[in-house]
Amino acid sequence: MELPMAKKNGDISMAAAVFFPDLVAVVTHFLDILHEGDKLTWHEGMIPDSEIWLKIGGDHGGGNFKFSIQLANTSNPNATNNTIPVCIFKEKDTPANLETALGQYRSQIEQLQQSSWRGKSVKVFLFGDYEFQTVNYGLSGSAGARPCLHCHCTKKDMAYCSAERSVADQQPRTLTTLATDHDKFVAAGSKLSNAKHFHNVTRRCILEVPVSIVIIPVLRFNL
């Protein structure tokens, strides 16, 4: 199968891609298999007994972008055999290309967030490197004036402790604030040079997972 993808020069061409169109069915089937094999766990209360924790995320490597799901309700949540690629395409993971490939899952993620499996509610988390996370939430990038995904802090003020920052800079980002900033950015003409006036939100969110439960890529920050 192929998807229309943007090249570095802006040209659009068809790129090789494979994906499951029904993400909800994939998750349900995976849960059923783990249940039948008695491989589900709630990690001795770390996960509430009434919840299923589903992780979704993406990574680019080897010339391919891979969007995968993982279940935290397993003994080794990050293991290869607990990772199911649901969308792979052979092109750069630019904002436009991620919108093309992952936009099809926008409503399905919402459906999963409101769903239950065998009486247990499904909670969806988002993982991935910082570039993927900022692209997903519509930020202009880590080089922007306000690059933090979690608050409105400026790059300059990141050098100071929270007690020395303004209250406005410490306002947490939410799906609502992201949508509001994007609407204002568009209303003002969508000029990238003005991004800093709208907290560097230049695109709409692709997959609407609450920012408060985004999995921070700690290893990347430590390096």
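V18 in strand β2 stands opposite I88 in β5, and the two strands pair in the antiparallel sense over 3 bridges. Strands pair here if DSSP finds at least two bridges between them. Helices (H or I, at least four residues) and strands (E, at least two) are DSSP runs, numbered from the N terminus. The model is predicted: local features need pLDDT of at least 70, side-chain atom pairs count only at pLDDT 80 or more, and totals for chains, interfaces and linings use all residues. Residues are numbered from 1 along each chain as its sequence is written, and side-chain values use heavy atoms, with hydrogens and water left out.

The pairing of β2 with β5 belongs to an open sheet of 7 strands in the order β1-β2-β5-β4-β3-β7-β6, with mixed pairing. The edge strands are β1 (2-6) and β6 (116-117), each of which pairs on one side only. Strand β1 is joined to β2 (residues 12-19) by 5 bridges, and the two run antiparallel. Within this pair, L3 stands opposite A15 in β2.

Further along the sheet, β4 and β5 pair in the antiparallel sense over 6 bridges, and the bridge partner of S68 is P85 in β5. Strands β3 and β4 are likewise paired in the antiparallel sense, over 8 bridges, with L54 opposite L71 in β4. The hairpin of β3 and β4 has 2 residues between the strands, and G62 takes a positive phi near 65° there. By contrast, β3 and β7 pair in the parallel sense over 8 bridges, and G58 stands opposite G128 in β7.

Helices pack on this sheet, where contact means heavy atoms within 4.5 Å. Axes are lines fitted to C-alpha atoms, for helices over the stretch in contact, and angles run from 0 to 180 degrees between N-to-C directions. Helix α2 (residues 95-102) packs on the sheet and touches β1, β4 (64-71) and β5 (83-89); its direction makes about 160° with that of β1. Helix α3 (residues 106-113) also packs on the sheet, touching β3 (51-61) and β7 (120-128), and its direction makes about 135° with that of β7.

Helix α3 is in addition packed against helix α1 (residues 23-36), at an angle of about 40° and with the axes 9 Å apart. Angles under 35 degrees count as roughly parallel, over 145 as roughly antiparallel, 65 to 115 as roughly perpendicular and the rest as oblique; α1 and α3 are therefore oblique to each other. In this contact, L23, V24 and V27 in α1 meet Q108, I109, Q111 and L112 in α3. The residues of the contact divide into 5 nonpolar, 2 polar and no charged. In this division, Ala, Val, Leu, Ile, Met, Phe, Trp, Tyr, Cys and Pro count as nonpolar, Asp, Glu, Lys and Arg as charged, and the others, Gly among them, as polar.

Individual residues were also examined for accessibility. Buried means under 20% relative accessible area, exposed over 50%, and partly exposed in between (1.4 Å probe, protein chains only). F125, found in strand β7, is buried, with a relative accessible area of 12%. Not counting residues up to four places away in sequence, F125 touches W53, L54, K55, I56, V209, I213 and I215. The C-alpha atoms of F125 and P210 are separated by 8.0 Å, although these residues lie 85 residues apart along the chain.

Two loop residues other than glycine have a positive phi. D38, in the loop between α1 and β3, has a phi near 55° and counts as exposed at 70% relative accessibility. R118, in the loop between β6 and β7, has a phi near 50° and counts as exposed at 54% relative accessibility.

A search of the whole structure finds 0 disulfides, a disulfide being a pair of cysteine sulfur atoms within 2.5 Å. The sulfur of C87 is 16 Å from the closest cysteine sulfur, in C205, which is too far for a bond; C87 counts as buried at 0% relative accessibility. For C151, the closest cysteine sulfur is that of C148, at 3.8 Å, again too far for a bond. C151 counts as buried at 14% relative accessibility.
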